[in-house]
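I opened my notebook to record, entry by entry, what I looked up in the structure shown here.

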Amino acid sequence: MVIHQLTSGLSSMAGRDLRPIAVGCTYRRLVAKVCLRPFIPRLRELFLPSQVGVGTPLECDAAVQGTCYFMDQPHNEKVILKLDVKNAFNSIRRDTVLQEAQKHLPEIYPFIWDCYSSKTSLFHGNFSLDLATGVQQGDPLGPALFALVIHEVTSTIKADLNIWYLDDGCIGGEPQTVLTTASMIRDGLSAIGLEINNSNCELLLINHTDINMSQTSKLFQDQFPSLSIPDPIHC
């Protein structure tokens with residue numbers, strides 16, 4: 001399998017965050033696209049309204065519009081928490097990938113099993129790496145398989161705003177509810193091999209007084225160190 005390395009050089013790889021893009025052969029990519037296409041409507045129906053990253057036309061616009069709609073509603077003190085998952089596609093557990101694929105895509109499960117039931121060897125010059133976790137970036141099946149695995153977590157969230165574009169999510173509502181929900185998400189993702197990247201998460205404070213702004217910020221920073229908190233807004 002061919003690998004395109006986006007970081008500069010392998011000589012200092014010990015101090016870098018390497019994220020290989022597994023391109024794969026043309027025939028496999030073609031087969032994956034053809035196999036998945038008939039099932040996009042099924043996946044879209046399963047994932048909506050929380051997951052817009054698979055089968056949703058203008059998916060980024062849909063995520064933005066959903067967040068804007070939440071922002072336009074009358075609010076007291078609310079928050080929006082943007083969550084980012086660390087190295088998500090490369091870290092998700094493959095046993096869970098196969099389990100969810102068998103449940104929701106049984107018609108093409110034999111092909112998916114053939115792709116993900118064993119280690120994948122990645123090569124760059126004389127360097128090789130056996131990859132035993134994650135969906136292969138560059139695989140047309142990858143986004144759908146990833147979304148299937150996290151669906152059990154993202155679909156059960158009880159919040160006024162719950163919208164995901166694959167591994168990036170926005171949770172909005174009353175501060176304590178969002179904080180409790182975020183902790184549940186973190187635990188649920190951990191069970192399938194994923195970790196919240198605190199330094200890439202953001203908390204938007206809406207209609208907070210100065211006193212409550214400090215209190216809410218501390219609550220979230222205690223649970224999510226390195227959380228970014230931009231200037232509050234008033235709607």
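In which sense do strand S3 and strand S7 pair, and over how many bridges? I noted, keeping in mind that this is a predicted model, that S3 (residues 78–84) and S7 (residues 168–173) pair in the antiparallel sense over 6 bridges. Within this pair I found Ile-80 of S3 opposite Gly-172 in S7.

I then looked up the sheet around this pair, and found an open sheet of 4 strands in the order S6-S7-S3-S8, with antiparallel pairing. Strand S6 (161–165) and strand S8 (202–206) each have a single partner strand, so one side of each is left without a neighbour in the sheet. Neighbouring strands here are turned by 10° against each other on average, direction ignored. I also wrote down that helix H9 (residues 210–223) lies across S3 and S8, running at about 155° to S8.

My next entry concerns a hairpin, in which S4 (residues 120–124) and S5 (residues 127–131) pair in the antiparallel sense over 5 bridges. His-124 stands opposite Phe-127, and of the 2 residues between the strands I noted Gly-125, which takes a positive phi near 60°.

Last, I looked up the largest nonpolar core, which has 51 residues, and in which Ile-92, Ile-112, Leu-189 and Leu-194 touch the most other members. Helix H7 (residues 142–154) gives the most to this core, with 8 residues. Leaving aside residues up to four places away in sequence, I listed the contacts of Ile-92, including Val-97, Phe-146, Ile-150 and Leu-194. Apart from this core lies another, of 10 residues, among them Ala-63, Met-71, Leu-204 and Ile-206.

Notes: Residues numbered from 1 in each chain as written. Predicted model: local features only at pLDDT ≥ 70, side-chain atom pairs only at ≥ 80, totals over all residues. Heavy atoms only, no water. Core = buried A, V, L, I, M, F, W, Y, C linked by side-chain atoms within 4.5 Å. Buried < 20%, exposed > 50% of the residue type's maximum accessible area, 1.4 Å probe, protein only. Contact = heavy atoms within 4.5 Å. Pairing = 2+ DSSP bridges. Axes fitted to C-alpha atoms, helices over the stretch in contact; angles between N-to-C directions.
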